[in-house]
Amino acid sequence: MEALHKIRKIIDMILSTACAFIFGVMVIVGTYQIVTRYFFNSPSTVSEELLTYSFTWMALLASAYVFGKRDHMRMGFIADKLTGSSRKVLEIVIECLVMLLAAAVMVYGGFNIMQLTMTQKTASLGIPMGVIYTVLPLSGILIVFYSILNVVDLVTGYEREHREVKE
């Protein structure tokens, strides 16, 4: 059990570092784009495309990170009215549904779209679109992994104990 939480902490650290790095790159590239466009009157299409794809990567990786922290947006109007075992069962069912959706859409569908687009090149960067789409199955795998950990935490009661100590 403790090994799973260590793995979670390592993945959390890697994801948060990756998101911070991507954001830093976006700031630098965005600044470059502004300078070339407004001061030198020579817009850079490479920087615009790079910003678009890096924003997508950051958003999907950050979504997986936030999902792992269980800080994601949710409609808790039903779950918040329940207590005890019925609430736990509902939260486990929700985690399982999210896991199935992430596995089907993001992992399976993302892998298929990644394979289909490996021969297409991006307009300015010239890299295969499949490389850009690798973030879909990657973030899907992370969400599935986090869902499994969240279910384990819910079943064992770890999350409740952890939150009580935290508060």
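## Helix α3 and its salt bridges

In helix α3, the buried positions are E91, I92, E95, M99, A102, M106, G110 and M114. The model described here is predicted. These buried residues of α3 pack against three other helices, namely α2 (45-68), α4 (129-132) and α5 (135-156).

An α-helix has 3.6 residues a turn, so residues three or four places apart point the same way. Helix α3 covers residues 84-116, which is 33 residues in total. From its first C-alpha to its last, α3 reaches 47 Å, close to the 48 Å expected at 1.5 Å a residue. There is nevertheless a kink in α3 of about 30°, and the kink is centred on A103.

**The chain as a whole**

The protein chain contains 6 helices and 0 strands. Read from the N terminus, its elements follow the order α-α-α-α-α-α. The radius of gyration of the protein chain is 20 Å, well over the 15 Å that the globule rule gives for 167 residues, so the chain is more spread out than a compact globule. Along the principal axes, the C-alpha atoms fill a box of roughly 65 × 35 × 35 Å. Of the 167 residues, 33% are buried. Among contacts with a separation of 6 or more, 70% are between residues 24 or more positions apart.

**Salt bridges**

Side chains of opposite charge can pair when their charged atoms come close. The whole structure holds 5 salt bridges. Three of them are listed here, with the N to O distance of each.

| Basic residue | Acidic residue | N to O distance |
|---|---|---|
| K69 | D12 | 3.7 Å |
| R70 | E95 | 3.5 Å |
| R87 | E91 | 3.1 Å |

K69 and D12 form a salt bridge through their side chains. K69 sits in the loop between α2 and α3, while D12 belongs to helix α1 (residues 2-39), so the pair ties together parts that are 57 residues apart in sequence. K69 is partly exposed, at 39% relative accessible area, whereas D12 counts as buried, at 9%.

R70 forms a salt bridge with E95. R70 also lies in the loop between α2 and α3, and E95 is in helix α3, so this pair ties together parts that are 25 residues apart in sequence. Both R70 and E95 are buried.

The side chains of R87 and E91 meet in a salt bridge as well. R87 and E91 both lie within helix α3, 4 residues apart, or about one turn of the helix. R87 has a relative accessible area of 24% and is partly exposed, because the buried class ends at 20%. E91, at 13% relative accessibility, counts as buried.

E91 and E95, the acidic partners of R87 and R70, both appear among the buried residues of α3.

**Aromatic pair**

The structure holds 1 aromatic pair. The ring centres of F145 and Y146 are 6.1 Å apart and the ring planes stand at 55°, so the pair is tilted. F145 counts as partly exposed, with a relative accessibility of 24%. Y146, in contrast, is buried, at 0% relative accessible area.

Conventions. Residues are numbered from 1 along each chain as its sequence is written. This is a predicted model: local features need pLDDT of at least 70, side-chain atom pairs count only at pLDDT 80 or more; totals for chains, interfaces and linings use all residues. Side-chain values use heavy atoms; hydrogens and water are left out. Helices (H or I, at least four residues) and strands (E, at least two) are DSSP runs, numbered from the N terminus. The expected span of a helix is 1.5 Å times one less than its number of residues. The bend at a residue is the angle between axes fitted to the seven residues ending there and the seven starting there. Buried means under 20% relative accessible area, exposed over 50%, partly exposed in between (1.4 Å probe, protein chains only). Contact means heavy atoms within 4.5 Å. Rings of Phe, Tyr and Trp (its six-membered ring) pair if their centres lie within 6.5 Å; planes under 30 degrees apart count as stacked, over 60 as edge-to-face and the rest as tilted. A salt bridge is a side-chain nitrogen of Lys or Arg within 4 Å of a carboxyl oxygen of Asp or Glu. The radius of gyration is taken over C-alpha atoms; the globule rule is 2.2 Å times the number of residues to the power 0.38.
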